[in-house]
Amino acid sequence: MTTGCVILAGGEGKRMKSERPKVLCEVLKKPMLGWVLDAANKFGFDKIGVVTGFKRELTEEYISSRTETISVYYQKQRLGTGDAAKQAIELIESVDCVCVLCGDAPFIDEETLKKSFEYHQNSGADVTVITAEIADPTGYGRIIRKDGKFTAIREQKDCSPEEAKICEVNSGAYWFNSKALLAALPKLTDNNANGEFYLTDCVEIIGKAAAYTSENPDIVLGANTRQGLLELNEKARRNVFERLMNEGVSFITTDGIIIGADVEIGCDTLILPNTVILGNTKIGKNCEIGPNSFITDCNIGDNVILDNVKATQSTVENNVKIGPFAQLRPGTTIRAGVKIGDFVEIKNSDIGENTAVAHLTYLGDSTVGRGVNFGCGCVTANYDGINKYRTEIGDHAFIGCNTNLIAPVKVGENATTAAGSTITKEVPPNSLAVERGHTRIIENWQKNFERKKK
Ligand code: UD1
Ligand code: CA
């Protein structure tokens with residue numbers, strides 16, 4: 001049995017007051033469409049397609065930034081969810097069973113997809129609607145049952161006052177036997193309060209319908225306004241804290257802490273306030289992250305302290321202490337036992353084990369060995385205004401305070417640069433490089449005597 005997934009993502013979402021498609025509105029800094037695609041990936045469909053429409057180029061740009069194979073279909077006019085599904089006929093024809101999802105309902109999850117698929121196969125229905133019971137059904141399609149048997153989905157605007165009271169709603173996620181869906185789509189009409197082709201009408205057209213009530217009612221939640229989006233963010237944020245605490249992560253308070261849904265953190269790690277951890281970040285055990293840290297797409301080892309650190313696309317090995325007030329820019333690897341102090345910026349560099357970069361230093365495009373010591377205020381001058389060059393520093397070198405290393409340049413193992421030196425040529429191992437004017441002493445300097453008299 002081959003399975004396909006069609007994600008409807010063509011809508012505009014006017015009430016969001018955005019210049020971007022609604023499905024790109026973010027929950028925990030990930031577009032809602034990204035959440036849906038992630039759930040679809042975890043389920044493991046044979047094929048995934050997305051129907052774009054409003055500002056399609058932006059949706060397509062996001063889709064192409066992802067790694068999985070996704071077919072894109074374009075809906076020229078927003079004629080409703082039924083019309084949107086029609087655009088993906090090519091995909092529907094190529095699989096036995098198709099799952100249609102809404103790109104604006106980010107909390108659909110792998111478990112609901114798996115259980116509902118099993119239910120769909122066992123029930124023998126040609127369409128299975130995933131439903132949920134919620135306290136306030138306003139805005140959702142209601143699940144209509146006759147003598148307990150599921151017969152139709154009625155949209156809010158088309159509901160009778162009695163029907164409007166029903167609290168079981170359509171999540172917008174469905175399983176269809178492809179042949180039944182292909183037969184039903186041409187029969188849809190726009191004879192309803194909105195004048196749209198409703199995918200939901202397929203239930204009555206197909207007839208052999210089942211409803212699977214999800215154990216997780218959050219799967220129906222979507223956002224139509226910024227207020228709604230904030231609610232989704234708050235719910236998602238709390239869910240991440242729940243998961244992490246179940247995995248042994250500590251918080252003294254969650255004030256100002258935002259952690260992305262895909263972040264993994266080891267046990268006994270403490271996250272301090274005003275810390276934002278996003279993307280595909282992994283953090284090990286027994287770390288202390290924060291306060292005031294911003295970590296994106298990083299791989300952090302065990303026993304690491306990141307105090308007031310901004311780090312992006314970098315790797316930090318075990319037993320490292322960074323901060324306060326340091327930045328790791330993309331392409332940086334910090335090896336085990338390194339200490340990085342205040343006002344240090346490191347970019348696209350590899351810093352060897354047990355090296356110390358304690359204060360006010362910039363290292364860019366550098367390869368630094370083990371046990372190197374940087375004095376205060378060292379700079380790799382990696383850019384000549386046109387090209388970038390590398391600096392290489394051997395094991396156990398000692399870089400004196402205020403050294404400028406004019407790249408491309410090498411400092412050998414065990415070599416020393418004298419404080420204040422501007423190094424423009426290779427420093428051999430075990431040597432001292434001094435680039436400095438001699439200190440001249442002029443005695444009885446009259447100006448200071450006169451100043452003192454005043
Ligand atoms: C839809 C369902 C409703 C369900 C709700 C769950 C219909 C008629 N109604 O309502 O029963 O409770 O989802 O969230 O399906 N889209 C397109 N092209 C269009 C219209 C919509 O691609 O022409 C996409 C949107 O981008 C969105 C999804 O389809 O991702 C759902 O559309 P939306 O207009 O939000 O439907 P709802 O009114 O929420
Ligand atoms: Ca919606």
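**Surroundings of ligand 1 and of Glu68**

Strand β10 supplies the largest share of the shell around ligand 1, namely three residues. The model described here is predicted. In this model, ligand 1 occupies the largest pocket. Three elements each give two or more residues to the shell around the ligand: β1 (3–9), α3 (81–86) and β10 (168–177). Of the 21 residues around ligand 1, those that come nearest are Gly10, Gln75, Thr81, Glu155 and Asn170. By residue class, the shell around ligand 1 comprises seven nonpolar, eleven polar and three charged residues.

Polar atoms of both backbone and side chain approach oxygen atoms of ligand 1. A polar side-chain atom of Thr81 lies 2.7 Å from an oxygen atom of the ligand. From the backbone, a polar atom of Leu8 is found 2.8 Å from an oxygen atom of ligand 1, and a backbone N or O atom of Gly103 lies 3.4 Å from an oxygen atom of ligand 1. Ligand 1 taken alone exposes 750 Å², of which the protein buries 85%.

A further site concerns Glu68, which is located in the loop between α2 (56–64) and β5 (71–74). Glu68 has a relative accessibility of 16% and therefore counts as buried, the cut-off being under 20%. The Glu68 side chain takes part in polar contacts with two other side chains, that of Asn41 at 2.5 Å and that of Arg66 at 3.0 Å.

Conventions. Residues numbered from 1 in each chain as written. Chains lettered and ligands numbered in written order. Predicted model: local features only at pLDDT ≥ 70, side-chain atom pairs only at ≥ 80, totals over all residues. Heavy atoms only, no water. Near = heavy atom within 4 Å. Polar contact = N/O pair within 3.5 Å; in protein donor to acceptor, adjacent residues only side chain to side chain. Areas by Shrake-Rupley, 256 points an atom, 1.4 Å probe, with all protein chains shown as cover. 1 Å grid on protein atoms, 1.4 Å probe; cavity = no way out; pocket = protein on both sides within 12 Å on 5 of 7 lines; lining within 4 Å. Sits in = over half its atoms within 2 Å of the grid points. Helix = DSSP H or I, 4+ residues; strand = E, 2+ residues; numbered from the N terminus. Nonpolar A, V, L, I, M, F, W, Y, C, P; charged D, E, K, R; others polar. Buried < 20%, exposed > 50% of the residue type's maximum accessible area, 1.4 Å probe, protein only.
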